[in-house]
Amino acid sequence: MERLRIGLIGCGTVGGQVYKILKRKRRNLYWKTGILFEVVKVCDKAKKRRKELKIPSSLFTTDPHQVTNDPNIDIIVELIGGTEEAFEYLCEAIKKGKSVVTANKALLSEKGRTIFDLCEENRVYIGFEASVAGSIPIIKTIRESFIGNNFSKLLGILNGTTNFILSKMTHLDIDFNQALKIAKEKGYAEAEPYFDISGLDSAHKLSILTKLAFNKSVSWRNIYTEGIDRIEKMDVEFARELGYRVKLLGIAKKDRNILELRVHPVLLPATHLLSLVEDVYNAIYIEGDLIGNSLLYGKGAGGKPAASAVISDLVEIGMKLKMKNYGNMKFREDSTLELLPFDEIKTKYYFRFTAVDKPGVLAKIAKVLGEKNISIASVIQKKESPQKAVPIVMLTHPSKEKNVSEALKIIDKLDIIKKPTIKIRVEEEDGNI
Ligand SMILES: NC(=O)c1ccc[n+]([C@@H]2O[C@H](COP(=O)([O-])OP(=O)(O)OC[C@H]3O[C@@H](n4cnc5c(N)ncnc54)[C@H](OP(=O)(O)O)[C@@H]3O)[C@@H](O)[C@H]2O)c1
């Protein structure tokens, strides 16, 4: 009988589910794979987990080194989160010749290259399917199912919390803080949801997908990232009126040897496939030279969907170890690919100016835009508001980010402008239904 002896570090939301599933589905997994997946050590610094999960005390420890150094363990599953300690334990395990599974997107987007190189050096496997989009098998799809493709574009709704908030703002006509409150009440947002709201969680995931789809290691620090906290109810309403939805997207586009990466809210046509993705769901729209375009959709977070991905990594690695033939997919680096500076991106824009309601205002704004080569596609001007300032909403033709920033700096200093202008980029190439 083949056995895979597993050491689990961290048994909170995801790790707790992994432990339970491996216990409950042990026979079923054995029946399907011929391998007995056996948890032989469990570590968590929170002692209460032992009781909560009914873990035998002989298996439980609060010291991760007892897991990484145990010669009887074949594979380590790291589910503690954070970067420093997780990095230490993973490296320790890899150097001891153990394969590893992690869901840690923050760590992989920070130190992925070092970890992948260390795995190759030590001829061990690494699984990280749960690090991006939970139940969607995007890692396997890019690395295996779509391996014959050259990818040109990837657009992803990579964070369930922000998608939930934007969906609620769109459909319940509520503002950001009200939607965030509902997300917290439902357990979809943490008490401190900074990583989600700021877009950083999406940037971590985009960094991992970029490595796989475009063979380029780019730290999340080098990805332009903007969150959703500045999106106002009014902008969501205008977007609807104009036939768009507001979504937080991770965007990667490749044109010859230039790679464009960014995470920010966008106006997406209401008919775009990604506009139909609501609530906590994630989706990834990908274009390849052989597949054309494809959309993957599913639950992005939560203990069970993430644990499902961890189990799939364990089974895959278990099967490879059973074959006793080390053949890890290489993590190649495309040194010819250059990152486009963010200032150089070209896209359409939505502007909302808050201006005094008097003749000549539009002409003054249009003059500055014209001087910066930004051409206007359409304008909506609303009636006078009680504060005697009116929103003027404008859509532009494709313009350069640098020109737009310069123009808005000038416009916001004009005496006719009463509040900083809101700018949302518009994404409307392919992907419409
Ligand atoms: N939750 C999700 O939906 C989800 C989805 C996909 C990926 N992930 C990723 O999965 C990983 C785990 O997330 P989670 O939501 O399961 O976190 P969690 O609920 O906070 O669980 C982490 C557990 O590890 C323990 N821990 C922390 N540091 C430790 C250390 N140095 N040694 C031993 N135990 C330690 C924690 O104890 P304390 O409680 O005492 O800190 C906690 O019990 C993260 O990398 C996360 O990004 C999560």
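**Entry 1: a hairpin**

I started at Lys 254, which stands opposite Leu 259 in β10. I noted that strands here are DSSP runs of E with at least two residues, helices are runs of H or I with at least four, and both are numbered from the N terminus. Before going on, I wrote down that this is a predicted model, where local features need pLDDT of at least 70, side-chain atom pairs count only at pLDDT 80 or more, and totals for chains, interfaces and linings use all residues. Residues are numbered from 1 along each chain as its sequence is written, and side-chain values use heavy atoms, with hydrogens and water left out.

Back to the hairpin: I found that β9 and strand β10 (residues 258–269) pair in the antiparallel sense over 12 bridges. Two strands count as paired if DSSP finds at least two bridges between them. Two residues lie between β9 and β10 in this hairpin, and Arg 256 in the turn has a positive phi of about 50 degrees.

I also looked up the other partner, strand β7 (residues 151–157), which pairs with β9 in the antiparallel sense over four bridges. There, Gly 156 stands opposite Gly 250 in β9.

Is strand β9 mostly covered or mostly uncovered? It is mostly covered: nine of the 12 residues in β9 (residues 244–255) are buried. Buried means under 20% relative accessible area, exposed means over 50%, and partly exposed is in between, using a 1.4 Å probe and protein chains only.

**Entry 2: an open sheet**

Next I traced six strands that form an open sheet in the order β3-β2-β1-β4-β5-β6, with parallel pairing. The edge strands are β3 (60–61) and β6 (126–127), and each pairs on one side only. I checked one end: strand β2 (residues 35–43) pairs with β3 in the parallel sense over two bridges. Val 42 has Phe 60 in β3 as its bridge partner. A reminder to myself: strands of a sheet pair through backbone hydrogen bonds, either parallel or antiparallel.

**Entry 3: around the ligand**

How many residues surround the ligand? I got 22, and the closest are Thr 13, Val 14, Asp 44, Arg 49 and Gly 302. To be near, a residue needs a heavy atom within 4 Å of the molecule. By class, this shell has 11 nonpolar, six polar and five charged residues. Helices α1 (13–24) and α5 (84–95) each supply at least two residues of the shell.

Then I listed polar side-chain atoms beside ligand oxygen atoms. For Asp 44 the distance is 2.8 Å, for Thr 13 it is 2.9 Å, and for Lys 105 it is 3.3 Å. The protein covers 77% of the 880 Å² of accessible area that the ligand has on its own. These areas come from the Shrake-Rupley method with a 1.4 Å probe.

**Entry 4: cysteines and a glycine**

How many disulfides does the structure hold? Zero. A disulfide here is a pair of cysteine sulfur atoms within 2.5 Å. The sulfur of Cys 11 cannot bond because the closest cysteine sulfur, in Cys 43, is 7.8 Å away, which is too far. Cys 91 is in no disulfide either, with the nearest cysteine sulfur, that of Cys 119, 8.6 Å away. Cys 11 counts as buried at 2% relative accessibility, and Cys 91 counts as buried at 10%.

Last, I looked at Gly 303, which belongs to helix α13 (residues 303–323). Gly 303 counts as buried because its relative accessibility is 11%. Its C-alpha atom is separated by 8.5 Å from that of Gly 12, although the two are 291 residues apart along the chain.

Notes. Polar contact = N/O pair within 3.5 Å; in protein donor to acceptor, adjacent residues only side chain to side chain. Nonpolar A, V, L, I, M, F, W, Y, C, P; charged D, E, K, R; others polar.
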